[in-house]
Amino acid sequence: QLLPAVYNSLESDLGFDPVQLGLITAIRSLLQSVLTPVWGYYGDKVSRKKLLALGCYIWAFFTLMVALSTTFESMLIARALSGIGLAVLYPTASSLLADYYPENTRGRAFGLLGLTGILGAVLGTLYATSIADVPMFGMEGWRFAFISMAAVSFVLGILIHIFGKDPLRGYSEEQLKGLINEKTEQHYKISKSDVKKILSNKTFDLIVLQGM
């Protein structure tokens, strides 16, 4: 949410026009949307804890690059590449959450995850808007907003890497207790029939459609 919150500051400080700001915003969203399924697929093959930490590091680095940008081209590239890190977060976190919580509490856990995302967006917008035009430590306020968020993301990556838990996939499913171990988990692969079954689920299709 940082970029839309500082549009006015970018217009006055860097001379960006609304079309350029729209392109910078759109390219990040597009790259994130395209890569999210890719990272979701990759997350079934590697440590999700390490992948989630990696997403935080990528996001932190390119958010910092946005803060240091001085031209439209440099910010466009930095913002686009930050979408790579953002694309990691949601599918990986959702996969972990599904294995942290059993079926009877999983819905509430996902609801709380969504709630924290919305609260973070609100607080991030208020934070960036309030300091965007206020010089901070010898720099424009909007740059400091991006630098501080990059720092938070980097620290979160470290915490996830050190303290995060990566349970066996399917661990919290009562029907699979005693049937899944590290050997069988690592050998599971998504097949075309799995994809066909998921896409034929009308509830899933409706969720995707409303998102679009």
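## Exercises on a predicted model

The side chains of Glu173 and Arg106 come together in a salt bridge, with N and O 3.0 Å apart. Keep that pair in mind as you work through this predicted model.

**Exercise 1. Which parts of the chain does the Glu173–Arg106 pair tie together?**

Step 1. Start from the salt bridge itself, where the N to O distance is 3.0 Å.
Step 2. Glu173 sits in the loop between helix 7 and helix 8, while Arg106 belongs to helix 6, so the pair links parts that lie 67 residues apart in sequence.
Step 3. Now look at the surroundings of Arg106: its relative accessibility is 15%, and the cut-off for buried is under 20%, so Arg106 counts as buried.

**Exercise 2. Describe helix 6 and what covers its buried residues.**

Step 1. Helix 6 runs over residues 103–131, which makes 29 residues.
Step 2. From first C-alpha to last, helix 6 reaches 43 Å, close to the 42 Å expected.
Step 3. Pick out its buried residues: Arg106, Ala109, Gly124, Ala128 and Ile131.
Step 4. Ask what lies over them, and the cover includes helix 1 (2–5), helix 5 (72–100) and helix 7 (141–163).

**Exercise 3. Follow the other salt bridges, beginning at Asp166.**

Step 1. The count of salt bridges comes to five.
Step 2. One of them joins the side chains of Asp166 and Arg48, at 2.9 Å from N to O.
Step 3. Asp166 is in the loop between helix 7 and helix 8 (182–187) and Arg48 is in helix 4 (residues 48–68), so this pair ties together parts 118 residues apart in sequence.
Step 4. Compare the two partners: Asp166 is partly exposed at 30% relative accessibility, whereas Arg48 is buried, with a relative accessible area of 1%.
Step 5. Widen the view, and Arg48, Asp99 and Asp166 turn out to be linked in a network of salt bridges.
Step 6. Another pair is Glu140 with Arg143, whose closest N and O atoms are 2.9 Å apart. Here Glu140 is partly exposed at 30%, and Arg143 is buried at 11%.

**Exercise 4. Where is Phe137, and is it buried or exposed?**

Step 1. Find Phe137 in the loop between helix 6 and helix 7.
Step 2. Check its backbone: phi is near 55°, a positive value in a residue other than glycine. For context, most residues other than glycine have a negative phi.
Step 3. Turn to the side of accessibility: Phe137 has a relative accessible area of 71%, and the cut-off for exposed is over 50%, so Phe137 is exposed.

**Exercise 5. Map the largest nonpolar core.**

Step 1. This core has 20 residues, and those touching the most other members are Val6, Leu10, Phe16, Met75, Trp142 and Phe146.
Step 2. At least two residues each come from helix 1, helix 3 (18–42), helix 4, helix 5, helix 6 and helix 7. Helix 7 gives the most, with four residues.
Step 3. Zoom in on Met75: leaving aside residues up to four places away in sequence, Met75 touches Leu3, Leu10, Leu14, Phe16, Ile24, Val66, Ser69 and Trp142.
Step 4. Do not stop there, as a second, separate core of five residues includes Leu52, Cys56, Leu86 and Leu89.

**Exercise 6. In which helix is confidence lowest, and in which is it highest?**

Step 1. Take the overall picture: the protein averages a pLDDT of 91, and 97% of the residues score at least 70.
Step 2. Confidence is lowest in helix 8, at a mean of 66, and highest in helix 7, at 96.

Terms used:
Residues numbered from 1 in each chain as written. Predicted model: local features only at pLDDT ≥ 70, side-chain atom pairs only at ≥ 80, totals over all residues. Heavy atoms only, no water. Expected span 1.5 Å × (residues − 1). Buried < 20%, exposed > 50% of the residue type's maximum accessible area, 1.4 Å probe, protein only. Contact = heavy atoms within 4.5 Å. Salt bridge = Lys/Arg side-chain N within 4 Å of Asp/Glu carboxyl O. Core = buried A, V, L, I, M, F, W, Y, C linked by side-chain atoms within 4.5 Å. pLDDT = per-residue confidence, 0-100.
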